[in-house]
Amino acid sequence: MDATTLPARLAETREDFLALGVKDRLQLLLEFSNELPELPERYRDHPDLLERVVECQSPVYIFVEVDDAGLVHMHATAPAEAPTTRGFASILAQGLDGLTPDEVLAVPADYPQSLGLGEAVSPLRVRGMSGMLARAKRQLAERLAG
Amino acid sequence: MSVEFDPAAKLAEYAHPERLVTTEWLAERLGQPGLVVVESDEDVLLYETGHIPGAVKVDWHTELNDPVVRDYLTGEQFAALLGSKGIARDTTVVVYGDKNNWWAAYALWVFTLFGHEDVRLLDGGRDLWIAEGRPLTTDPTEVTPVEYPVVEREDSAIRAFKEDVLEHLGKPLIDVRSPEEYSGERTTMPAYPEEGALRGGHIPTAASVPWARAAAADGTFKTRAELDAIYRDEAGLADGDEVIAYCRIGERSSHTWFVLTHLLGFDHVRNYDGSWTEWGNAVRVPIVTGVERGEVPGR
């Protein structure tokens with residue numbers, strides 16, 4: 001999938017990262033990390049709905065929902081002591097928000113590897129974001145089937 | 001030019017008290033010439049969210065490893081790294097980090113491979129510093145690069161390779177992973193990503209002493225007496241023993257290496273950094289599954 005078919009927000013995020021040097025990519029990831037919204041009130045008391053992303057070293061949980069208009073929203077929570085993981089979650093939460101299910105399912109599995117973060121945070125850590133994306137897509141597929 | 005040692009009574013009980021400093025000692029000496037504070041965390045961005053004023057960051061993933069060979073930096077790469085952090089050969093380095101100084105101990109061990117003489121850990125690490133309400137800042141640290149000499153790594157004293165471990169079988173081994181990894185139920189820590197080992201279990205005869213048992217609730221190291229009870233009485237180590245510690249990729253075991261070497265005074269401790277990701281995948285090396293240590297296989 002090239003930039004013409006990647007959802008606009010994800011494509012923009014990728015361009016933003018790739019336009020920066022390695023050190024500044026870390027700063028941008030930190031900005032994403034700080035922007036990760038709190039869980040919506042209705043999920044805060046329902047830890048059972050949230051799925052742990054075991055590919056990440058830090059405890060991060062995600063939940064994907066499809067709203068009444070048929071659009072996708074991903075919610076995530078991760079501790080402040082895990083800013084890298086929060087950054088990954090924030091990139092995906094922002095990038096997938098408001099897409100149609102088909103658009104989300106079509107996001108390439110290697111999108112996380114295309115952001116130029118391997119050098120900045122190491123390929124092993126980037127795998128955490130791949131796990132998060134894969135789980136989000138699987139959850140979505142389950143919701144659609146259910 | 002070495003900064004004076006921390007005379008705290010708790011530290012004096014350890015074999016090498018000069019390898020640790022207390023938060024109080026460090027707070028009084030921030031900015032002192034000849035001292036560089038290094039933060040080394042599991043999370044590569046944690047430093048950016050707030051660090052001890054004047055501290056520089058060293059990331060274990062992106063800065064201490066060779067990008068191609070599964071190995072540490074070369075002498076030239078290490079010299080460039082330390083020089084860029086404002087660390088000279090005679091600088092006193094104090095390392096601290098998250099998670100009971102897990103990654104801080106790893107950085108210290110790598111510094112030791114290059115013979116950097118005066119490198120110490122902050123007892124209690126990042127968490128204790130924060131818990132005590134001491135200052136953090138997000139201000140970038142202004143570093144004046146210095147010259148660090150090219151010193152080739154000297155692995156043999158404190159680093160073991162797979163062949164060394166095979167030779168060593170019959171002498172004490174400490175497996176510092178979780179009980180589930182030791183028995184072979186899992187190949188990674190509970191709740192950590194799978195890093196690819198074909199088989200689960202442990203090296204024959206290894207004693208299981210999970211690394212974090214050396215840490216007290218506040219993140220500081222347990223007292224000398226408590227550590228002696230764990231490693232001597234329970235695991236059976238005795239003076240003069242040659243010991244090899246291992247985990248999954250050699251980071252948790254560098255923490256145990258620090259405890260055995262600097263706190264308990266064992267002079268012949270090596271860290272097997274190939275650890276389970278190598279041993280659990282290697283052809284024709286013996287393993288043991290279950291909770292028993294197992295026997296040295298016949299050769």
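Helices here are DSSP runs of H or I with at least four residues, numbered from the N terminus.

**View 1. Helix 4 of chain A and the glycine after it.** This is a predicted model, and we start with helix 4 of chain A, residues 83-96. Its 14 residues should span 20 Å at 1.5 Å a residue, and the end C-alpha atoms do sit 20 Å apart, so the two agree. The helix is mostly covered, with 14 of its 14 residues buried. Following helix 4 of chain A comes Gly98(A), with a positive phi near 80 degrees.

**View 2. Ser122(A), a positive phi between two helices.** Most residues other than glycine have a negative phi. Ser122(A) goes the other way, with a positive phi near 90 degrees. Look for Ser122(A) in the loop between helix 6 (118-121) and helix 7 (123-145) of chain A. Its relative accessible area is 3%, and buried means under 20%, so Ser122(A) counts as buried.

**View 3. Asn100(B), a positive phi in chain B.** Here's another non-glycine residue with a positive phi: Asn100(B), near 60 degrees. Asn100(B) is in the loop that runs between strand 4 (92-96) and helix 5 (102-113) of chain B. With a relative accessible area of 23%, Asn100(B) is partly exposed.

**View 4. A nonpolar patch on the surface of chain A.** Val66(A), Leu105(A) and Leu144(A) make up this patch, and together they have about 210 Å² of accessible area. One of them, Leu105(A), belongs to helix 5 of chain A, residues 101-105. The relative accessibility of Leu105(A) is 34%, which falls between the 20% and 50% cut-offs, so this leucine counts as partly exposed.

Definitions and conventions. Residues are numbered from 1 along each chain as its sequence is written. Chains are lettered from A and ligands numbered from 1 in the order in which they are written. This is a predicted model: local features need pLDDT of at least 70, side-chain atom pairs count only at pLDDT 80 or more; totals for chains, interfaces and linings use all residues. Side-chain values use heavy atoms; hydrogens and water are left out. Buried means under 20% relative accessible area, exposed over 50%, partly exposed in between (1.4 Å probe, protein chains only). The expected span of a helix is 1.5 Å times one less than its number of residues. Patches are made of residues with over 30% relative accessible area and no salt bridge: like charges are joined within 9 Å, nonpolar side chains (Val, Leu, Ile, Met, Phe, Trp, Tyr) within 5 Å. Accessible areas come from the Shrake-Rupley method with a 1.4 Å probe; for residues, only the protein chains shown count as cover. A salt bridge is a side-chain nitrogen of Lys or Arg within 4 Å of a carboxyl oxygen of Asp or Glu.
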